[in-house]
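Trainee: I have a model open and would like to understand the words people use for it. Could we go through them together?
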Amino acid sequence: MKSPVALAIVASSVHAADLQAYNVDPKSVSVSGLSAGGFMAGQLGVAYSGTFQTGFGVFAAGPYDCARSQSYTTCMYNMNPSITTPTANMKAWSGKQIDPTTNLQQRKIFLEVGTADYTVGSNPMNALKQQLSGFAPTANIAYVARSGQGHTFPTDFNGAGDNACGLSSSPYISNCGYDGAGAVLQWMYGTLNARSSAAQGSVVSFSQTGSYGSAGLDKTGYLYVPKACADGSVVCKLHVALHGCLQSYSSIGNKYITNTGYNLWADTNNIIVLYPQAVPDNTIHPIWQGVLSNPNGCFDWVGWYGQNADQKGGVQMAAIVNMVNRVTSGFK
């Protein structure tokens with residue numbers, strides 16, 4: 001199948017405008033991400049469960065708070081991270097440093113990983129599933145393991161420049177014969193209209209500065225706005241899609257925005273998609289365990305930008321939540 005991806009022109013970051021408000025139901029907000037974006041999606045889904053009231057999806061990542069009490073490498077490379085301290089932290093922080101974990105009983109959670117993924121891998125994902133199963137009903141957790149899939153975002157169409165499904169290489173988006181975007185959105189929102197064959201909406205750039213910016217974030221973020229959501233006459237939903245390492249706009253251009261397939265489902269189901277952007281950072285930072293730079297432009301799941309990186313008030317999470325609150329502030 002040839003790519004149904006739109007030829008929407010992304011506005012130049014030089015002219016990024018202020019983020020706009022839309023008629024979006026605050027109860028409809030969800031988030032998903034791949035790799036470091038998957039870790040961030042899990043952090044947002046747990047720490048800000050009151051904001052992400054629909055649920056969250058994690059592609060190829062690991063447990064919440066995984067890298068605080070053990071080397072971040074233990075949370076990757078198909079190793080077996082301990083969830084003892086991370087889970088104890090979730091319980092201790094509930095209602096204080098993070099939103100009440102009782103919220104997770106009402107959230108839809110989607111987990112997906114490839115069996116040929118050795119960048120993060122099945123073992124960290126299994127640990128995440130085990131961790132979350134202590135807080136959310138089993139019936140609300142979907143777990144998908146795809147045979148032969150590498151460390152990549154899975155689609156069922158050929159996006160320009162994508163790599164083969166079994167590879168773990170740039171742009172980390174692959175035709176695996178599996179519609180990852182459709183799967184996570186349908187798990188969280190229920191039955192949806194069939195996706196469009198080509199995106200009809202608009203990709204809008206916005207200034208990721210001020211309350212929408214932080215250390216480790218780029219100066220420009222992107223929003224996909226379906227035609228039906230543009231004028232405010234229709235109540236829409238909001239999904240936040242978080243790229244992985246080496247997938248920011250500065251690394252692969254608009255491929256994560258156009259090649260993952262979220263926009264095709266957004267078109268026919270009145271879902272605005274928010275694409276925050278991290279940025280490469282070669283500065284050495286203290287992290288929870290040791291010191292590390294962030295040259296691959298990963299979202300913060302190791303403590304690069306503060307000890308509270310996975311708690312409420314962590315600078316990157318707070319910036320993303322501020323973006324969400326701005327978009328939903330137009331709800332009528």
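Trainee: Happy to start small: where does A61 lie?

Mentor: A61 lies in the loop between β2 and α2 (84–93), where helices (H or I, at least four residues) and strands (E, at least two) are DSSP runs numbered from the N terminus. This is a predicted model, in which local features need pLDDT of at least 70, side-chain atom pairs count only at pLDDT 80 or more, and totals for chains, interfaces and linings use all residues. Residues are numbered from 1 along each chain as its sequence is written, and side-chain values use heavy atoms, with hydrogens and water left out.

Trainee: Why is A61 called buried?

Mentor: Buried means under 20% relative accessible area, exposed over 50%, partly exposed in between (1.4 Å probe, protein chains only). A61 has 0% relative accessibility, so A61 counts as buried.

Trainee: Which residues does A61 touch?

Mentor: Leaving out residues up to four places away in sequence, A61 touches S35, G38, F39, V120, P124 and M125; contact means heavy atoms within 4.5 Å.

Trainee: What makes β1 and β9 a pair?

Mentor: Two strands pair if DSSP finds at least two bridges between them. Strand β1 (residues 30–34) and strand β9 (residues 237–242) are joined by 4 bridges, so they pair, and they run parallel. V31 stands opposite V240 in β9.

Trainee: What is the strand order in the open sheet?

Mentor: The order of its 8 strands is β4-β3-β2-β1-β9-β10-β8-β7, with mixed pairing.

Trainee: Why are β4 and β7 called edge strands?

Mentor: β4 (141–146) and β7 (202–207) each pair on one side only.
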